[in-house]
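Welcome to this short tour. Take a moment to turn the structure around, and then read on.

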Amino acid sequence: MRYVQLRAFHHVAICGGFSRAAEELHLTQPAISDQVRRLEKDYDILLFDRRKRQVALTEAGTRLLAITRRMFESETQALELLSESRALRSGHLAIVADSAHHLLQVLARFRDRYPGVRITMRAGNSQTVLEQLESYDADIGVLGGAPDRAGLETVSLRTTPIVALVAKTSDLAKRNSIGLRELGDLPLVMREEGSKTRNKLMAAARKARVTLTPVIEAEGREAVREIVASGGGVGFVSLAEKGQDARLTALPIVPDDGLEMEEALICLSERSEGKLVRAFFDLAREIG
């Protein structure tokens with residue numbers, strides 16, 4: 001088994017095709033194809049289904065990718081160890097968050113301390129955050145609460161209550177709070193299934209024997225905010241995510257038993273010793 005063959009397989013798998021893998025590795029497509037073909041021939045195994053228009057992994061290919069992800073991640077960590085100062089001067093950190101609001105202070109401090117590091121941020125619900133961490137598409141995730149599963153390192157950020165969002169022009173905006181039971185009779189705007197905020201709200205409603213039925217489901221927090229601001233119904237966010245939008249009013253939900261979002265910084269345990277990940281986590285602990 002040759003390193004170049006595994007490297008070619010790995011990049012075809014994560015890039016989704018031979019051409020993109022060749023660009024990533026600065027090789028020709030025939031060279032990449034030949035390395036993968038030799039790997040398959042040497043071990044009499046089929047790693048890619050080439051019958052489809054887009055290259056797809058076979059079951060064996062999927063299992064091998066799980067191994068090469070760990071293998072090349074270890075290689076990255078070894079490189080970071082050998083060039084630690086360079087990693088903290090000019091590295092790249094990928095973050096996926098269910099809300100960026102909880103990271104603003106940490107991000108600002110991190111940028112001050114490591115100005116040469118490039119940061120990319122993507123948004124997603126809880127399910128998306130975990131999927132991108134597990135597929136190595138993100139280094140760090142931010143979730144509404146630490147998942148109850150092994151293989152993750154977590155740092156708690158802060159805890160804030162879940163509130164109802166209403167348009168400033170709504171009659172409800174004149175209230176000081178809103179009852180959980182009242183929500184069953186109101187037009188509700190909710191995030192897509194998989195949203196931690198939605199899951200917590202639904203769990204509290206079931207406990208109180210209240211049926212909550214959304215009239216509008218929207219993908220993403222910003223979509224919910226815009227719909228609510230236009231008078232489309234009542235939405236829900238954690239108080240920290242309400243922001244400074246003058247079009248919206250946040251109402252406490254009563255009773256509020258269990259209606260809290262504890263935001264947590266998470267990463268895969270196997271990637272926690274990466275220099276950039278470790279520096280970000282240490283800074284979050286320092287601020288916290």
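## Two helices at an angle

Let us start with a pair of helices, bearing in mind that this is a predicted model. Helices α1 and α2 are oblique to each other. Their axes come within 8 Å and cross at roughly 120°, and an angle counts as roughly perpendicular only from 65 to 115 degrees, so the pair falls in the oblique class. If you want to find α1, look at residues 3–15; α2 covers 18–25. The crossing of α1 past α2 is right-handed.

Which residues of α1 and α2 make the contact? On the α1 side they are R7, A8, H11, V12 and C15, and on the α2 side F18, R20, A21, E24 and L25. Sorted by character, the residues of this contact are six nonpolar, one polar and three charged.

## The next helix along

Helix α2 also meets α3, which spans 29–42. The axes of α2 and α3 come within 8 Å and cross at roughly 105°. That angle makes α2 roughly perpendicular to α3.

Here α2 contributes F18, S19, A21, A22 and L25, while α3 contributes Q29, I32, S33 and V36. The residues of the contact of α2 with α3 divide into six nonpolar, three polar and no charged. F18, A21 and L25 appear in the contact of α2 with α1 and again in the contact of α2 with α3.

## The whole chain

With these helices in view, step back to the chain as a whole. The chain has ten helices and twelve strands. Its C-alpha atoms fill a box of roughly 70 × 45 × 30 Å along the principal axes.

How much of the chain is buried? Of the 288 residues, 48% are buried. As for contacts between residues at least 6 apart in sequence, 74% of them join residues at least 24 apart.

## Aromatic rings

A pair of aromatic rings is described by how far apart the centres are and by the angle of the planes. The count of aromatic pairs in this model comes to five. One of them joins F9 and F48, with 5.4 Å from centre to centre and 45° between the planes, and this pair is tilted. F9 belongs to helix α1 and F48 to strand β1 (residues 48–49), so the pair ties together parts that are 39 residues apart in sequence.

Are F9 and F48 buried or exposed? F9 is buried, because its relative accessible area is 0%, and F48 counts as buried too, at 2% relative accessibility. Another pair is made by F110 and Y114: the ring centres are 4.9 Å apart and the planes stand at 50°, so this pair is tilted. Both F110 and Y114 are buried. Ring pairs also link F9, F18 and F48 into a cluster, and F18 is the residue you have already met in the contacts of α2.

## Backbone details in the loops

Some loops hold backbone details that reward a closer look. H26 has a positive phi of about 60°, although H26 is not a glycine. You will find H26 in the loop between α2 and α3. With a relative accessible area of 72%, H26 is exposed, because the cut-off for that class is over 50%.

Y136 is another residue other than glycine with a positive phi, near 65°. Y136 sits in the loop between α7 (126–134) and β5 (140–144). Is Y136 buried or exposed? Its relative accessible area is 18%, and the limit for buried is under 20%, so Y136 is buried.

## Three prolines

A cis peptide bond joins V254 and P255, with omega about -10°. P255 lies in the loop between β11 (248–254) and β12 (260–268).

P161 has its place in strand β6, which runs over residues 152–167. This proline is partly exposed, with 32% relative accessibility. P161 and P252 are 91 residues apart in sequence, yet 7.9 Å apart in space from C-alpha to C-alpha. Which residues does P161 contact once its neighbours within four places in sequence are left aside? They are V237, S238, L239, L259 and E260.

Key: Residues numbered from 1 in each chain as written. Predicted model: local features only at pLDDT ≥ 70, side-chain atom pairs only at ≥ 80, totals over all residues. Heavy atoms only, no water. Helix = DSSP H or I, 4+ residues; strand = E, 2+ residues; numbered from the N terminus. Buried < 20%, exposed > 50% of the residue type's maximum accessible area, 1.4 Å probe, protein only. Axes fitted to C-alpha atoms, helices over the stretch in contact; angles between N-to-C directions. Parallel < 35°, antiparallel > 145°, perpendicular 65-115°, else oblique. Left-handed = near helix turned anticlockwise from the far one by under 90°. Contact = heavy atoms within 4.5 Å. Nonpolar A, V, L, I, M, F, W, Y, C, P; charged D, E, K, R; others polar. Phe/Tyr/Trp six-rings, centres within 6.5 Å; stacked < 30°, edge-to-face > 60°.
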